[in-house]
Amino acid sequence: MEKLPIPEPSREEVNNLAGATMLEFGASWCGYCQAAQNTITSELAHFPNVRHIKVEDGKGRRLGRSFTVKLWPTLVFIKNGVELNRLVRQIDAQELNAALQQIAN
């Protein structure tokens, strides 16, 4: 069965999310994004209460532009609609864990 893409949320919807959320901006064909997947998956496993929204980004994608995403992957850490941190390009497990702890607490 073919997996259909999830519609990209609007910035207003993201701003209204309660709790901890990590937005992951990238592209399926991006080598940096592919290289980061194991680290992202393993660190997120320690934080089951953090909402993970994977956003296929690119030219004309409004959500990525509203967050001024320029490089992939970009991870944006949000708590109750407020951005608290972001990691860009090279995703380090320790930095990712610290950012997830920041929004999970």
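**Exercise 1. The sheet**

Work out in which order the strands of the sheet lie in this predicted model, and which strands stand at the edges.

*Solution.* Start with the strand order: four strands make up an open sheet, arranged β2-β1-β3-β4, with mixed pairing. Next, look at the ends of that order. β2 and β4 (82-88) each have a single partner strand, so one side of each lacks a neighbour in the sheet, and these two are the edge strands. Finally, consider the twist: ignoring direction, neighbouring strands are turned by 20° against each other on average.

**Exercise 2. Parallel or antiparallel?**

Find how β1 runs relative to β2, and how β3 runs relative to β4.

*Solution.* Take β1 (residues 20-26) to begin with: six bridges join this strand to β2, and the two run parallel. If you would like a residue pair to look at, M22 has H52 of β2 as its bridge partner.

Now move to the other pair. β3 and β4 are also joined by six bridges, but they run antiparallel. Here I78 stands opposite E83 in β4. To finish, follow the chain through the hairpin of β3 and β4: two residues lie between the strands, and N80 takes a positive phi near 50°. Together, the parallel pair and the antiparallel pair illustrate the mixed pairing of the sheet.

**Exercise 3. Helices on the sheet**

Identify the strands touched by helix α2 and those touched by helix α4, then describe how the two helices meet.

*Solution.* Let's go back to β1, which is joined to β2 by six bridges. Helix α2 (residues 31-44) packs on the sheet and touches β1, β2 and β3 (74-79), with its direction at about 165° to that of β1. Helix α4 (residues 93-104) packs on the sheet as well, touching β1, β3 and β4, and its direction makes about 20° with that of β3.

For the helix pair, you need two values: packed helices are described by the angle between their axes and the distance between the axes. For α2 and α4, the angle is about 40° and the axes are 10 Å apart. Angles under 35 degrees would count as roughly parallel, and the range for roughly perpendicular begins at 65, so α2 and α4 are oblique to each other. Their crossing is right-handed.

Then list the residues in the contact: T39, I40, E43 and L44 come from α2, while A93, L96, N97 and L100 come from α4. Sorted by class, this contact has five nonpolar, two polar and one charged residues.

**Exercise 4. Buried or exposed?**

Place D57, Y32 and P7 in the right accessibility class, and say where each one sits.

*Solution.* Begin with D57, found in the loop between β2 (51-56) and α3 (62-66). Its relative accessible area is 5%, and because the cut-off for buried is under 20%, D57 is buried. Leaving aside residues up to four places away in sequence, D57 touches F25, G26, A27, G64, R65, V69 and W72.

Continue with Y32, a residue of helix α2. At 40% relative accessibility, Y32 is partly exposed. With the same sequence neighbours left out, Y32 touches W72, P73, R89 and Q90. The C-alpha atoms of Y32 and Q90 are separated by 7.3 Å, although the two residues are 58 residues apart along the chain.

End with P7, in the segment before α1 (11-15). Its relative accessibility is 68%, so P7 counts as exposed. P7 and V55 are 48 residues apart along the chain, with 8.9 Å between their C-alpha atoms.

Methods: Residues numbered from 1 in each chain as written. Predicted model: local features only at pLDDT ≥ 70, side-chain atom pairs only at ≥ 80, totals over all residues. Heavy atoms only, no water. Buried < 20%, exposed > 50% of the residue type's maximum accessible area, 1.4 Å probe, protein only. Contact = heavy atoms within 4.5 Å. Pairing = 2+ DSSP bridges. Axes fitted to C-alpha atoms, helices over the stretch in contact; angles between N-to-C directions. Parallel < 35°, antiparallel > 145°, perpendicular 65-115°, else oblique. Left-handed = near helix turned anticlockwise from the far one by under 90°. Nonpolar A, V, L, I, M, F, W, Y, C, P; charged D, E, K, R; others polar.
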